[in-house]
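These are my notebook entries on one protein chain and its ligand. I began with the surroundings of the ligand and then turned to the domains.

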Amino acid sequence: MKRRIGILTSGGDCPGLNAAIRGVARAAYELFDVEIVGIRNGYGGLIDGDYQEMAREQFSGILTLGGTILGTSRQPFRKMTEVDENGVDRVSAMKKTYSKLKLDCLVTLGGNGTHRTANLLSQEGLNVIGLPKTIDNDITGTDYTFGFHTAMDIATEVIDRIHTTANSHGRCIVVEIMGNKAGWLTMYSGIAGGADVILIPEIPYDIKKVAEAVAARERRNKFSIIAVAEGAMTVEEAEMKRKDREEQRKISPYNSISHRIAERLTEMIGVDTRNCVPGHIQRGGSPCAFDRVLATRLGVHAAELIRDEVYGVTVALSGKDIIHNRLEDIAGSPKLVSADNNIILTAKNIGISFGD
Ligand code: F6P
């Protein structure tokens, strides 16, 4: 049995993509007769027919490498069904490349947007298998995505380092963690780094409550750390339409939420504040050991599914097991921090404020 597999990485990159590509490829070479085609720059390469026939050696030496050897690009799902500026129907173009390459299967490594397009292609009759990558950890059906633990380690180290300087100067420092819709990374790194206040998109905050928590810390400990997700919002902002909220934010001279919060707190309670935005550092560099193992396990399961001709699914971690879920069941519904998640209570019970 011979299989021709196309692999692509789409959306924001993260540590562990290469480990996952290696996992799929190595297991495929072990389990069956395979030819692998690397699609460059995500769905963009599938649309444009930009690819390369891969040799087995190209999957060696990449386990620890950050980024993606295939390149990636952001291709918003809403645009997938539109004709592009050159008159190209994207879905037809992707199907054309798939058949021109005589693929038996397409393996897509990505986050929520990638999974929505994977589901669309699956419904269009292509054999697709997804792998869940993102530092946001917001893909339904998997306990963790690869990339998340590495980013959590990086963000935690940032908070640790901020701690010592905040303490020396008696300051309140606001650290802005990635995550536009989902607060997992801020929640976990905030707890791991000992933040005093954690603000996430799922729990709208009241700046007065944040100020109260910081003022109380000032009286006892002289310094405080706020971990804020880039997509966190006030109670008033949460009630607005997304478009209005974005417009309102543009009025502020600061692009970053951490800057805005720091400035507000100084105005309100006179505290000395600073802000810190680690940004894409959270997505850079080598994957941590957990992500290497997770990415490898998910990649190997994807190869097993190709061997067994099980398509239209995405692989996932469930407890101790690697499983697969139907793309149609998980695509389009991101996994957010729900109000009843025990981690919120854990954090509240050690005195962390969510500004609610
Ligand atoms: O989806 C991962 C992520 O890092 C988000 O946390 C963040 O909001 C976004 O990507 C940033 O995207 P870009 O790299 O395109 O600026």
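**The ligand and its shell**

I looked up where the shell around the ligand comes from: at least three residues are drawn from each of domain 1 (3-146 + 287-330) and domain 2 (152-283). These bounds come from an automatic or database domain assignment. I note that the model is predicted, that local features need pLDDT of at least 70 and side-chain atom pairs pLDDT 80 or more, while totals for chains, interfaces and linings use all residues. Residues are numbered from 1 along each chain as its sequence is written, and side-chain values use heavy atoms, with hydrogens and water left out.

I then listed the residues around the ligand (a heavy atom within 4 Å of it): Arg74, Ile135, Asp136, Met178, Gly179, Asn180, Glu230, His280 and Arg283. I sorted this shell into two nonpolar, three polar and four charged residues. Here Ala, Val, Leu, Ile, Met, Phe, Trp, Tyr, Cys and Pro count as nonpolar, Asp, Glu, Lys and Arg as charged, and the others, Gly among them, as polar.

**Polar contacts**

I next looked up polar contacts (pairs of N or O atoms within 3.5 Å). In glutamate 230, a side-chain N or O atom is 2.4 Å from an oxygen atom of the ligand. A polar side-chain atom of aspartate 136 lies 2.7 Å from a ligand oxygen atom. Glycine 179 uses a backbone N or O atom, 3.2 Å from an oxygen atom of the ligand.

**The two domains**

I found the C-alpha centres of domain 1 and domain 2 to lie 34 Å apart. Their contact (heavy atoms within 4.5 Å) takes eleven residues from domain 1 and nine residues from domain 2.

Definitions and conventions
Polar contact = N/O pair within 3.5 Å; in protein donor to acceptor, adjacent residues only side chain to side chain.
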